[in-house]
Amino acid sequence: SILQSEPTAVLWLVKFPPASVPRIANLARAKGLAASRLVFSAMAAEDEFLLMAFAADAFLDTPRCNAHTTAVYSLWAGIPVLTLAGERMVARVGASLALALRRPHATSQSVS
């Protein structure tokens, strides 16, 4: 719904695993999103990622397994990280980072 409410926004994803790209594209198409709204890139080294990160306006964390290092790199680049606090440790890393940085508003307890 974020992409639907922001007509110029794109979702930038890592091609990992590469087999996920067609599935994600099909899911987006089923939601009425044009293929041009998805940007897939290869895994990047730290310095390359930080350079690419400056093109982003926000970082949406993944709910089942939070971003860990990628979220830290995004925060270093000054990008706000939006995360969903999960039940397991791997799903609470983003919330822990937000709390450590005194940004509890960046964490949601539910998808809605």
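**Strands and helices, one question at a time**

User: What kind of β-α-β unit do E1, helix H2 (residues 20-30) and E2 make?
Analyst: This is a predicted model, where local features need pLDDT of at least 70 and side-chain atom pairs pLDDT 80 or more, while totals for chains, interfaces and linings use all residues. Residues are numbered from 1 along each chain as its sequence is written, and side-chain values use heavy atoms, without hydrogens and water. Helices (H or I, at least four residues) and strands (E, at least two) are DSSP runs, numbered from the N terminus. With the strands pointing away from the viewer, a path from the first strand over the helix to the second that runs clockwise is called right-handed, and the unit here is right-handed.

User: How many bridges join E1 to E2?
Analyst: Strands pair if DSSP finds at least two bridges between them. E1 (residues 11-14) and E2 (residues 38-41) run parallel, and Leu11 has Leu38 as its bridge partner. The number of bridges joining the two strands is 4.

User: Why do the buried residues of H3 sit on the same side?
Analyst: In H3 (residues 46-53), Phe49, Leu50 and Ala53 are buried (under 20% relative accessible area, 1.4 Å probe, protein chains only; exposed is over 50%, partly exposed in between). They are on the same side because the arc they cover, taken from the directions from the helix axis to the C-beta atoms, is only 100°.

User: Which helix do those buried residues of H3 pack against?
Analyst: Asp47 and Leu51 are exposed on the other side of H3. Taking contact as heavy atoms within 4.5 Å, the buried residues pack against helix H4.
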